[in-house]
Amino acid sequence: EKGGYEHFMLKEIFEQPRSILDCLRGRMIPEKGHLMMSGFFEYENKFAKANRILIVACGTSYHAGLVAEYLIEDLARVPVEVEYASEFRYRNPIINENDIVIAISQSGETADTLAAIELAKSKGATIFGICNVVGSSIARATDAGAYTHAGPEIGVASTKAFTAQVTVLTLIAMIMGRRRGTIETTKLNQLMVELESIPGKVEQALQLDEQIQKISAVFKDASSFLYLGRGYNFPVALEGALKLKEISYIHAEGYPAAEMKHGPIALIDEHMPVVVIATKDSSYEKIVSNVQEVRARKGKVIAVVTEGDNVIPSMADYVVEVPETNEHLMPLLSVIPLQLLSYHIAVMRGCNVDQPRNLAKSVTVE
Ligand code: M6R
């Protein structure tokens, strides 16, 4: 059942080229300019006219929501707010019938997300669900939705569900941008072609496994990790830190790299491993400076870079290269080495990777 892998988590990490492909299937054919999602079709107009979009989710699904905020605002120019479902449900949020709420959940059973949906529904908002589990409570409670088609995810740490969520949200942002005329046709076509190449590039990123295993051996006894990223890689930093915390029980924090100077830089010394996601994108020059700041304080830098980069590798202690892609799609690649890093560190520490202590796959309590 684990398909020859030692753990479900590893199997699921390695399934990602396939699960992303399944998620794209029938929804995008770049050669034909075909871009469409059946569950989304009848709501396209409503989404296009929305004054704002609210996204509610928990944990890893919340991180996918943060990526979506950047994507939708950038490609479709509609304001997006992302909120933890647990906060949203217990405060007194401003929400009405003109709002569209996107609820993201792998299991479709998360109590806080379900309660946030019920609250938004009672105010007349339109609810769109992005779930992995077919027929789940959240899938049934929403007005419309799209499934991620990642297949069953057994490991408590979410991996392939995250990349599938980000893929669906990318398609939504692209469809919205097309409908609203906020994305040029050539750019849209280029993005479609690039998105189609992502499963193959994920496959390439998975070949980093052995190299990451070696890096994991160096840092497995660290007591704390910092994860830094900017732009599209900021949510990836949060996700990398969450993965490490939940399965290896090592304290980790994800931060937007520029926030470091407002506090966390005080933590950096020669004992602090700092994972920097520093791929070639619009914030590349800025993150180069952030790496220098970490180095100046003797922090140990593990950098995720774009293939062929020779600036960051000359400054970092350890470097892993992911293939080049458009910055909008980079989270789908840059998260892969972070999933592998947390997995190997947890295994080396003798942790129960698939069923970490104190955690459940579906959090059905508030
Ligand atoms: O099933 P959901 O996507 O609603 O679950 C939300 C979180 O409980 C979940 O992502 C949790 O944070 C994972 N264990 C992260 O790996």
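This is a short tour of one sheet, a pair of helices and a β-α-β unit in a predicted model.

Before you start, note that residues are numbered from 1 along each chain as its sequence is written. Local features need pLDDT of at least 70, side-chain atom pairs count only at pLDDT 80 or more, totals for chains, interfaces and linings use all residues, and side-chain values use heavy atoms, with hydrogens and water left out.

**Stop 1: the sheet.** Select residues 80–84 and 144–147: these are strand 4 and strand 7, the edge strands, each pairing on one side only. They belong to an open sheet of 5 strands in the order 4-3-5-6-7, with parallel pairing. Strands (E, at least two residues) and helices (H or I, at least four) are DSSP runs, numbered from the N terminus; two strands pair if DSSP finds at least two bridges between them. Now pick strand 3 (residues 53–57) and strand 5 (residues 100–105), joined in the parallel sense over 4 bridges. Here Ile 53 stands opposite Ile 100.

**Stop 2: two helices.** Next, select helix 5 (residues 59–76) and helix 9 (residues 160–180), whose axes are 9 Å apart and meet at an angle of about 20 degrees. Axes are lines fitted to C-alpha atoms, for helices over the stretch in contact, and angles run from 0 to 180 degrees between N-to-C directions. Contact means heavy atoms within 4.5 Å.

**Stop 3: strand, helix, strand.** Finally, show strand 8 (residues 224–229) and strand 9 (residues 251–256), which run parallel and share 6 bridges. Leu 228 stands opposite Tyr 255 of strand 9.
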